[in-house]
Amino acid sequence: MIHRLECARAICTASLEWGFFQVVNHGISPELIEKMRREQVKLFSAPFDKKQNAGLLNNSYRFGTPTATHPSQFSWSEAFHIPVSKISDKSCYGDEFTSLREVMEEFSAAMSYLSKVLAEVLINDLSNQEEALEDICESSSCFLRLNRYPACPFSPDMFGVVPHTDSDFLTILCQDQVGGLQLLKDSKWVAVKPNPDALIVNIGDLFQAWSNNVYKSVEHKVMANEKTERYSIAYFLCPSYDSLIGSCSTESSIYRKFTFGEYRSQIQEDVKKLGQKVGLSRFLI
């Protein structure tokens, strides 16, 4: 019991000081992670025209940054950004990727469970609002993102993913051992050293707003690697689009209330007009 309390305290402290932490003994087996990685490599090895086929994984394939207007806004990567609600849909896989569906269902369920355990720890440290967990953990609104970062001859100047914050409540990342992830701490970029036994967790914008800025949604990026491709898988814990994001604080919130759908729409509008996300500052009171 003492160990569990110490672990919970370490998670909450890291979330308010760093916005990031790593978890070991997380319950997702190395065998499942390896199966998921093999399927991921097979998927990205498919020809480009097959990956961008409208029927594959809910038409979720993307490469680079279509909205980029400058090289500094371009991400040297490709990805499938899949709604969890579509993972069991057989029509999203065709005949070639049936084994991918089976593994993704198992992997997504494991990540969903872990995300709820971690969210509950973070919620309980700030609030007795047990119902908040149900609002935050809407599995049908969550996403699983499969990433591939090809080797890049322009490295180290090219981003694998441009600096950004996540627009969800919580993100869990399963990465390989290549490295390249960096987070911003005290105005300096800090490299996150890969740990084969750990998953990386970071606070999203919605948790920062809900916690009234206690937990920090921290800017992070991925740097491209000149010689080696990199793979990662991210699980994004999101509420339903009509969920109202308020504050757990009994004091005055620094943000006005907004829905997740409203937040996403504002981001899309800003990216279209400005070429980049503005984020939570749009909702300051």
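Author: Two helix axes count as oblique when their angle is neither under 35 degrees, nor over 145, nor from 65 to 115. Keep that in mind as we look at this predicted model.

Reader: What makes α2 and α4 oblique to each other?

Author: Helix α2 covers residues 30-44, and helix α4 covers residues 98-126. They pack at an angle of about 135°, with their axes 10 Å apart. Angles over 145 degrees would count as roughly antiparallel, and 65 to 115 as roughly perpendicular. The angle of about 135° fits neither range, so the two helices are called oblique. As for handedness, α2 passes α4 in a left-handed crossing.

Reader: Which residues of α2 and α4 meet?

Author: On the α2 side they include Leu-32, Ile-33, Met-36 and Leu-43. Among their partners in α4 are Leu-100, Val-103, Met-104 and Phe-107.

Reader: How do you know that the span of α2 agrees with what its 15 residues should give?

Author: At 1.5 Å a residue, α2 should span 21 Å. Its end C-alpha atoms are 21 Å apart, so the two values agree.

Reader: Which residues of α2 are buried?

Author: Leu-32, Ile-33, Met-36, Arg-37, Glu-39, Gln-40, Leu-43 and Phe-44 are buried.

Reader: How do you know which side of α2 they are on?

Author: These buried residues cover an arc of only 165° around the axis, which puts them on the same side of α2. A general rule helps here: an α-helix has 3.6 residues a turn, so residues three or four places apart point the same way. The face turned away from the buried side of α2 carries the exposed residues Pro-30 and Glu-31.

Reader: Is Leu-57 called buried or exposed, and why?

Author: Leu-57 has a relative accessible area of 1%. Buried means under 20%, so Leu-57 is buried. You will find Leu-57 in the loop between α3 (48-51) and β2 (61-63).

Reader: Why is Asn-213 called partly exposed?

Author: Asn-213 has 25% relative accessibility. The partly exposed class lies between the 20% and 50% cut-offs, so Asn-213 belongs there. Asn-213 sits in the loop between α6 (205-210) and β10 (220-223).

Reader: What is the phi of Leu-57, and what is the phi of Asn-213?

Author: Phi of Leu-57 is near 50°, a positive value in a residue other than glycine. Asn-213 is not a glycine either, and has a positive phi of about 75°. For background, most residues other than glycine have a negative phi.

Note on methods
Residues numbered from 1 in each chain as written. Predicted model: local features only at pLDDT ≥ 70, side-chain atom pairs only at ≥ 80, totals over all residues. Heavy atoms only, no water. Helix = DSSP H or I, 4+ residues; strand = E, 2+ residues; numbered from the N terminus. Expected span 1.5 Å × (residues − 1). Buried < 20%, exposed > 50% of the residue type's maximum accessible area, 1.4 Å probe, protein only. Arc of directions from axis to C-beta. Axes fitted to C-alpha atoms, helices over the stretch in contact; angles between N-to-C directions. Left-handed = near helix turned anticlockwise from the far one by under 90°. Contact = heavy atoms within 4.5 Å.
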